[in-house]
Amino acid sequence: MSHHYSGPNFGFPHSDARLDLTDIYAFPKPGDTGKSILIMNVHPSSSVVPVAPTTREPFSPAGLYELKIDTDGDAVADIAFRMRVSSSVGATQRVTLTRTAGPPAAGADDAGEIILEDAWVSMGREAIVSTKGDHRFFAGWRSDPFFFDALGALDGLRFTGHDFFHDKDVCSFVIELPNLALGAGPVRLWARTMDGGIGRYVQVERGGRPQQAVFLPGDQQGDYMASQPADDARFIATFAHSLEHAGGYAAEEALRVAKTLLPDLLSYDPMQPASFPQNGRGLTDDAADQFIAILTNGRITSDNVGPHTDLLSEFPYLGPPHGE
C-alpha cells in the first residue's frame, strides 16, 4: 500500500475506489533528456482489507485528477496538469488533458489549456496512446508497478517477502512532455484527486511521497488528505508522535525526521537521473524500503520484495493489466 486503499482502516475516499490515489512517478524519458515522464496512478483493482476486487470502470466521471507542480519552492502549485474523464458510454471512457499555469494552477476547478481532448481510455491489455505535438498521453488499466509486502506490514511489520501487488492492476495517467512544460530547473510535485459530485470539486486525497500518508497522520488522516502541502507544518507534531511510537525515536529526533518528510512533495530535477528519494521516482526505485527504514528508525530496512518484471522499455512503461 503506497496510498492504496488509503490505509487499511480508512476505506476508499468517499467510498469510491476510482478516486483512490496510489502513487506518482517522475523520471527523465529514457534516451531523451529533453523530456520527462509523469505518472499518476489511481484506483487499485483490489482492496487490501478485505482483499476484494473493485469496479471495472477506470475513472470517476465526477472526479478531477491533478498533477501539481511547484516551481519556486513555496509548496503552492504554479503549474497543474488536469485530467477530466467523460461518463462511460458502453464500456468506454474518454479523457481530456489540460495544463494550467500561474495562480489558477492552485485553484480547485478544471480550467486550463487543452493539450489533448477526448483521448480514449484503455480498458484492455492494448495500450491506446494519444499524441499531440511533443506530448504523448495514456490513460487506463495497467499492471500496478508498486511492490510491497502489504500483508506483512499489517502483521506488525513481520515481512515474509510476499508481494501483494505482483498480480494487481491500477488505473494510470502517463504523460510524456518536454521539460520546458515543467518550468525552468528543479521542481516539486504532488498529485490529488477531487470529487465533483456535489456540484463543486472537493479534494479527497493528495500526496507526493509514497506511504507516509498511510502510516503517519494518525487520527488526523482525514484532515491531512484534505489539506495543502503549504500547510503541512501543522502535521509535524503528529508525524513525530507516530515516529516515536513506530520507531522508538526520541522526541527531538522524531521532530527532526518529521520535518524532512513535510511538506509532502516529490522533488524532481529533469536534468538528473531519477533516484528516489533524492530525485524523482523511477518505476524500479524501492520506495517502500526507504520508508520502512525511516518508520522503524533503521530497525527494519527491507520487506524483501523487489521490482516487477513486466515493465516496458517504451511508453507507457507500465506493463499490461492482469485482469484482461
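What share of the contacts in the protein chain between residues at least 6 apart in sequence join residues at least 24 apart? The share is 64%, where contact means heavy atoms within 4.5 Å. The chain shown is a predicted model, in which local features need pLDDT of at least 70, side-chain atom pairs count only at pLDDT 80 or more, and totals for chains, interfaces and linings use all residues. Residues are numbered from 1 along each chain as its sequence is written, and side-chain values use heavy atoms, with hydrogens and water left out.

**View 1. The whole protein chain, with 6 helices and 14 strands.** The radius of gyration is 18 Å, close to the 20 Å of the globule rule for 324 residues, so the chain is as compact as a globular protein of that length. Here the radius is taken over C-alpha atoms, and the rule is 2.2 Å times the number of residues to the power 0.38. Helices (H or I, at least four residues) and strands (E, at least two) are DSSP runs, numbered from the N terminus. Along the principal axes, the C-alpha atoms fill a box of roughly 55 × 45 × 40 Å. Of the 324 residues, 56% count as buried; buried means under 20% relative accessible area, exposed over 50%, and partly exposed in between (1.4 Å probe, protein chains only). The accessible surface comes to about 12,600 Å², and 52% of that belongs to carbon and sulfur atoms. These areas come from the Shrake-Rupley method with a 1.4 Å probe, and for residues only the protein chains shown count as cover.

**View 2. Strand β2 and its partners, β1 and β11.** Take a look at β2 (residues 32-42), where 8 of the 11 residues are buried. β2 pairs with β1 (residues 21-29) in the antiparallel sense over 8 bridges, and 8 bridges also join β2 to the antiparallel β11 (residues 169-178). Two strands pair if DSSP finds at least two bridges between them. On the β1 side, Ile24 has Met40 of β2 as its bridge partner, while Ile39 stands opposite Val174 in β11. The hairpin of β1 and β2 has 2 residues between the strands, and Gly31 takes a positive phi near 80° there.

**View 3. Two nonpolar cores.** Ile39 appears again here, listed with Phe148, Phe239 and Ile292 as the residues with the most contacts inside the largest core, which has 39 residues. The elements giving two or more residues to this core include β1, β2, α4 (236-247) and α6. Apart from it lies another core, of 38 residues, among them Leu21, Leu67, Ala191 and Phe276. A nonpolar core is a set of buried Ala, Val, Leu, Ile, Met, Phe, Trp, Tyr and Cys residues joined through side-chain atoms within 4.5 Å. Among the residues that Phe239 touches, beyond those up to four places away in sequence, are Leu216, Tyr224 and Leu261.

**View 4. Thr100 in strand β7 (residues 94-101).** With a relative accessible area of 7%, Thr100 is buried. A polar atom of the Thr100 side chain lies 2.6 Å from the backbone oxygen of Ala111. Leaving aside neighbours within four places in sequence, the contacts of Thr100 include Asp78, Arg82 and Gly112.

**View 5. Ala274 in the loop between β14 (266-268) and α6 (287-295).** Ala274 counts as partly exposed, because its relative accessibility is 24%. Residues up to four places away in sequence aside, Ala274 touches Ala26, Phe27 and Pro28, among others.

How values were computed. Polar contact = N/O pair within 3.5 Å; in protein donor to acceptor, adjacent residues only side chain to side chain.
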